[in-house]
2 protein chains.
Amino acid sequence: MDNLFKEAFEKIKESNNIVLISHINPDGDALGSSLSMYPVLKRMGKKVTIFNATKPLPEYLDFLPNFNKVTDKLPKNFDLMISFDCGSFDRLGIEKKTAFLINFDHHISNTEYGDINIIDPNAASTSQVVYNFCKSNGIDIDKESATCMYTALITDTGSFQYESVNDKVFEMAADMVRCGVEPAYVSKMLFQRDRLSRLRLLAKAYETIEMCCDGRVAFVEVTREMMEITGAIKEDTDTIVNSVRAIAPVEIAAMLREDEDGIKISLRSKNYADVSKIAVKYGGGGHIRAAGATLKGEFDFSKVKEMLKKDFQNLLKGDK
Amino acid sequence: MDNLFKEAFEKIKESNNIVLISHINPDGDALGSSLSMYPVLKRMGKKVTIFNATKPLPEYLDFLPNFNKVTDKLPKNFDLMISFDCGSFDRLGIEKKTAFLINFDHHISNTEYGDINIIDPNAASTSQVVYNFCKSNGIDIDKESATCMYTALITDTGSFQYESVNDKVFEMAADMVRCGVEPAYVSKMLFQRDRLSRLRLLAKAYETIEMCCDGRVAFVEVTREMMEITGAIKEDTDTIVNSVRAIAPVEIAAMLREDEDGIKISLRSKNYADVSKIAVKYGGGGHIRAAGATLKGEFDFSKVKEMLKKDFQNLLKGDK
């Protein structure tokens, strides 16, 4: 890894006009990692563009230093592009590769579309890869960079709760504090700016929770009517299925949401079930523990549930 | 602090029959800290009793190593008592002090009721004080101790989100992992064993959210009827007022709960309001950001709200 870090740094040094790019529909790690490099490159005297194709950007990340410098317009000329947290080229939101590309990521599925690919699947976040890059090259991390790296780290670990959390993650967090990060401030920005509409939606949705398969499966519904009554936006539905999975005996949680084009199914599993198999069956995809699909057309919640119940029973067959 | 650590360790070495004690209605830090010392003292060949006066103990902590060794019976004879996370003698749940007492705590309000008082208000948890005690005396921390210390740390910091979190906290967490802690396992035990009754109660309670004072104040209600319909227990109401405080503009959140003996008021503030003042006015108490009181007798939710609204308006007067 150290050789790759050195190679990438040399390339950066000899470049002048650099574009930082993160995947479409960016999360905290994508935006945080790309923004964390901005102060580093500015200090080196580079011309820097922070690009993301999505508009508008997620509001909950608006406290990140230099957030307002993110643009959806690519500059005419640039000699280096650095991508962050993006598993495949098509998620960069650009038509074609027109410059040398350094690809920072931590997804094992990364397709290595860059000229230099710095992929560490053992890292808890892409920001941890960027952090290691900085440390390896003796690059100073200022408070702005550290705040972005730290935000990326806690959004990608659920505030230090996921399997990826180990001693290296906590050592990085300690170092982020020494670089000036105020952990409570970041947590407040991320978790204490909730919307009333979201709580109102939870109230409606939680009423619909239905347990089956001896409590190992739970369904929850979000109808268009609920969204209208509560004034909720799609983002407000984000955590519902996770909260339902958190019920003690539940192994698989499924949220059914009435969308414009059909029924969106969000699947989560807790310990062993591979819900990506079910998602793929319905034309969707995802990970073992978090996957989803959209059933296009006219469907009935109760019929979809019956269908999924059978899938889940098969999936859980033979399990404890 | 190092001298106190040494003095306490000497006292432990010369004692044979030791009682570990934590405050009544224990939280993760109280139980976790006291349980973390059990393997240490057993390795030293001591007879150890883990005492807590509360029965039953909170179920969500039942995964802590040696949890089933906690007893509400004091032994007849013992020559040393070590208390954890307990601010005053009366919260130990024992009648009188009958042995030498070492008092480990991190509450600034600790009344120093021990013979040796090891109080560090800068520590994020009492388990951090115990950790420092172990490090200072070269005491090995095994996986069981570390799991208890880590649980104490994350319950008392809201999974690394509170003001108390700094580089030392993260360094301790890193060390806990090196001692064998699996962070994701602890988080799963704490946060992924939710009750359906709790979600059902949230559904009812969130329907009652009422905003006032330009959105800076929010009320939420929990009636006896809601508890009965949903089958919820008192513990299920624990996080409601925190979730309501998390709404973006809210500075003060108040939960009103119908109890057997009156109306329990739980108050939270986000950034600047000192809600303990209001709690004290109604015969309760607490901290600046989290306080509570019980209005005994027959009351009407709407009247209590009117009353509190005036208090909050006074409290917020002149603020931004």
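Before I turn to the loops and helices, a word on terms: helices (H or I, at least four residues) and strands (E, at least two) are DSSP runs, numbered from the N terminus. With that in hand, P56(A) can be placed in the loop between strand 2 (47-51) and strand 3 (70-71) of chain A. What we are looking at is a predicted model, in which local features need pLDDT of at least 70 and side-chain atom pairs count only at pLDDT 80 or more, while totals for chains, interfaces and linings use all residues. Residues are numbered from 1 along each chain as its sequence is written, and chains are lettered from A and ligands numbered from 1 in the order in which they are written.

Let me stay with that proline for a moment. The peptide bond that leads from K55(A) to P56(A) is cis, with omega near 0°. In chain B, the bond from K55(B) to P56(B) is cis as well, with omega near -5°, and P56(B) sits in the loop between strand 2 (47-51) and strand 3 (70-71) of chain B.

That loop of chain B also holds N66(B), whose phi is near 70°, a positive value in a residue other than glycine. With 17 C-beta neighbours inside 10 Å, N66(B) counts as partly exposed; here a residue is buried if 20 or more other C-beta atoms lie within 10 Å of its own, exposed if 12 or fewer, and partly exposed in between, the C-beta atoms being placed from the backbone. Another asparagine, N25(B), has a positive phi of about 45° although it is not a glycine, and N25(B) belongs to the loop between strand 1 (17-22) and helix 2 (28-43) of chain B. N25(B) has 13 C-beta neighbours inside 10 Å and therefore counts as partly exposed.

Now to the arrangement of the chain. Chain A is divided into domain 1 (2-191) and domain 2 (196-316), with bounds that come from an automatic or database domain assignment. The centres of domain 1 and domain 2 of chain A, taken over C-alpha atoms, are separated by 31 Å.

Within chain A, how do helix 2 (residues 28-43) and helix 3 (residues 126-136) pack? Their axes are 8 Å apart and make an angle of about 20°, where axes are lines fitted to C-alpha atoms, for helices over the stretch in contact, and angles run from 0 to 180 degrees between N-to-C directions. Helix 2 and helix 3 of chain A are therefore roughly parallel to each other, given that angles under 35 degrees count as roughly parallel, over 145 as roughly antiparallel, 65 to 115 as roughly perpendicular and the rest as oblique. Among the residues that meet are G32(A), S36(A) and V40(A) in helix 2 and T126(A), V130(A) and C134(A) in helix 3. The residues of this contact divide into 4 nonpolar, 5 polar and 1 charged, with Ala, Val, Leu, Ile, Met, Phe, Trp, Tyr, Cys and Pro counted as nonpolar, Asp, Glu, Lys and Arg as charged, and the others, Gly among them, as polar.

Next, the two chains together. In all, 36 residues of chain B are in contact with 36 residues of chain A, two residues being in contact if their C-beta atoms, placed from the backbone, lie within 7 Å. On the chain B side, the elements that give two or more residues are helix 5 (167-178), helix 6 (183-191) and helix 7 (196-206), and helix 5 of chain B supplies the largest share, 7 residues. That side divides into 20 nonpolar, 6 polar and 10 charged residues.

What turn and what shift lay chain B on chain A? A turn of 180° and a shift of 0.0 Å along the axis do so, with an RMSD of 0.2 Å, the copies being superposed by least squares on the C-alpha atoms of residues with pLDDT of at least 70 in both. That is the relation of a two-fold axis. In chain B, the C-alpha nearest the axis is that of A203(B), 1.9 Å from it, and the same surface serves both copies, since 100% of the contact residues of chain B recur in chain A.

Finally, helix 7 (residues 196-206) of chain A is mostly covered, with 8 of its 11 residues buried, including L199(A), L202(A) and Y206(A). Those buried residues pack against strand 8 (217-222), helix 8 (224-230) and helix 9 (240-245) of chain A, together with helix 7, strand 7 (210-212) and helix 9 (240-245) of chain B.
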